[in-house]
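Reader: I should like a close look at a single part of this model, described carefully and set in the context of the chain around it. Could you begin with the part I name below and then work outwards?

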Amino acid sequence: MIYVGGVPFQSDGPSSSELVGTDEATTCVGLAIRNHKSGMTSVGHLDSPDVVETGLTQMLSLVVDQNSDEMLEVHLVGGYNDSSPQGMDSVISNHTDHSGFSFPLCAKIVETLEKSDMVFHLQTLHVLENNTKQDSEGNAYPIFNGFMVEPSTGSIFPANFDRTSRCPDEVVRRIRLSSSYEDPSWNGRLLETYDIPTDRFVIAPCAWTIRQLQIAMMLQNLSDAQILLTCSTSPSVEAPDFVENERRQWDYLKKHPDWKETFPMKQPRIFERTPSGRWKRSPVARADAESKLCTTE
């Protein structure tokens, strides 16, 4: 199984992994694009309209040739009606009047798909009102915030993942999500993590700054309730481990304030699949980075 979290994306063929998925999508949207003919599947986790056009271009480039007329299956899951206390009973027809995070993102995704020359079959559109429930007090909650796709068949299932199933280097991958916005080498691109031909996780380097460390140290002093209000676009509906995951990232930044400790000589962190199905840091990649570091000293 290949897990996508936050803003990164993966592409997967039916020969390498049986399942690929994402979760933690409250105001974010999980997007899956599958080539009906080849089974090649790309899954992305989009959190802002600003990353949609570039992100879709990245995802499409991995599942189909630009000159192809092959049909692409599309699934959208996540993003709930976070704009109105009336929840599902509220119908909003004007983009400019919408104050939530989910609607602008969903609208941008659909708009970008519509403008594309590709042939899409929108099979799942479980977003906004379709993905909203209400509690007894009328507060809106997402019904689903994650899914898994089976590349070999195209089947899709609701899913949530615990820490043991979120694949390797989870904390570093989470830190890259926030750091990438200030790293010009990424320039708004989605974070690629899984390399299909080699069946490896390749965690490309991403720089974090002293400013980000200072912010982490400040946030660490907040209460759990304050962290939710400060760090989440949907504080009332986050998963129980949201605050814990935030604190784990800040602890790592305190222990590794210089990003070059994590990515020596700007080399990626590579993880290979073991015969038992687990992921293990590649000793070759680690040795190469250490060798280059020693050469320059």
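The request and one connected answer follow.

Reader: Please look closely at the open sheet with the strand order 12-13-14-15. Which residues is Arg200 in contact with, leaving aside its neighbours within four places in sequence?

Author: The model is a predicted one, and what I describe here should be read with that in mind. The sheet you ask about is open and has 4 strands in the order 12-13-14-15, with antiparallel pairing. Its edges are formed by strand 12 (194-195) and strand 15 (279-281), each of which pairs on one side only. At the strand 12 edge, 2 bridges join strand 12 to strand 13 (residues 200-203), the two running antiparallel, and within this pairing Asp195 has Arg200 of strand 13 as its bridge partner.

Arg200, which has its place in strand 13, is a useful residue from which to survey the sheet. Leaving aside neighbours within four places in sequence, Arg200 is in contact with Thr193, Tyr194, Asp195, Ile270, Phe271, Glu272 and Trp279. Two of these contacts, Tyr194 and Asp195, belong to the edge strand 12 (194-195), while Ile270, Phe271 and Glu272 fall within strand 14 (269-273), and Trp279 is part of the other edge strand, strand 15 (279-281). The contact with Ile270 spans a long stretch of the chain, for Arg200 and Ile270 are 70 residues apart in sequence, yet their C-alpha atoms are 6.8 Å apart in space. Despite these contacts Arg200 is not buried: because its relative accessibility is 23%, Arg200 counts as partly exposed, the cut-off for a buried residue being under 20%.

Just ahead of strand 14 lies a residue with an unusual sign of backbone angle for its type to note. Met265, in the loop between helix 7 (259-262) and strand 14 (269-273), has a positive phi of about 55° although it is not a glycine. With a relative accessibility of 33%, Met265 counts as partly exposed. A second residue of this kind is Cys167, whose phi is positive, at about 70°, although Cys167 is not a glycine either. Cys167 is found in the loop between strand 11 and helix 3, and, unlike the partly exposed Met265, Cys167 is buried, with a relative accessible area of 14%.

The elements on either side of that second loop deserve a word each. Helix 3 (residues 170-179) is mostly covered, since 9 of its 10 residues are buried; the buried set includes the charged residues Glu170, Arg173, Arg174 and Arg176 alongside Val171, Val172, Ile175 and Leu177. Strand 11, for its part, belongs to another open sheet of 4 strands, ordered 1-3-10-11, in which the pairing is mixed. There strand 1 (2-4) and strand 11 (155-158) stand at the edges, each with a single partner strand, so that one side of each is left without a neighbour in the sheet. From one strand to the next the twist averages 20°. Inside this sheet, strand 3 (residues 20-22) and strand 10 (residues 147-150) pair in the antiparallel sense over 3 bridges, and Gly21 has Met148 in strand 10 as its bridge partner.

Between strand 13 and strand 14 in the sequence come helices that pack on one another. Helix 4 (residues 210-219) and helix 6 (residues 242-255) have their axes 9 Å apart and pack at an angle of about 130°, and the two helices are therefore oblique to each other. Helix 4 passes helix 6 in a left-handed crossing. The meeting is made by Gln212, Leu213, Ala216, Met217 and Leu219 from helix 4, and by Trp250, Leu253 and Lys254 from helix 6; by class, the contact has 6 nonpolar, 1 polar and 1 charged residues.

Elsewhere, Asn35 in strand 4 (residues 29-35) offers a contrast with Arg200. At 2% relative accessibility Asn35 counts as buried, and, apart from neighbours within four places in sequence, Asn35 is in contact with Met40, Val63, Val64, Glu70, Met71 and Leu72.

To set the sheet in its wider frame, the protein chain has 8 helices and 15 strands, and of its 297 residues 48% count as buried. Among contacts between residues at least 6 apart in sequence, 67% join residues at least 24 apart, and the pair Arg200 and Ile270, 70 residues apart, is one example of a contact with such a separation.

Note on methods. Residues are numbered from 1 along each chain as its sequence is written. This is a predicted model: local features need pLDDT of at least 70, side-chain atom pairs count only at pLDDT 80 or more; totals for chains, interfaces and linings use all residues. Side-chain values use heavy atoms; hydrogens and water are left out. Axes are lines fitted to C-alpha atoms, for helices over the stretch in contact, and angles run from 0 to 180 degrees between N-to-C directions. Angles under 35 degrees count as roughly parallel, over 145 as roughly antiparallel, 65 to 115 as roughly perpendicular and the rest as oblique. A crossing is left-handed if the near helix is turned anticlockwise from the far one by less than a right angle, and right-handed if clockwise. Contact means heavy atoms within 4.5 Å. Buried means under 20% relative accessible area, exposed over 50%, partly exposed in between (1.4 Å probe, protein chains only). Two strands pair if DSSP finds at least two bridges between them.
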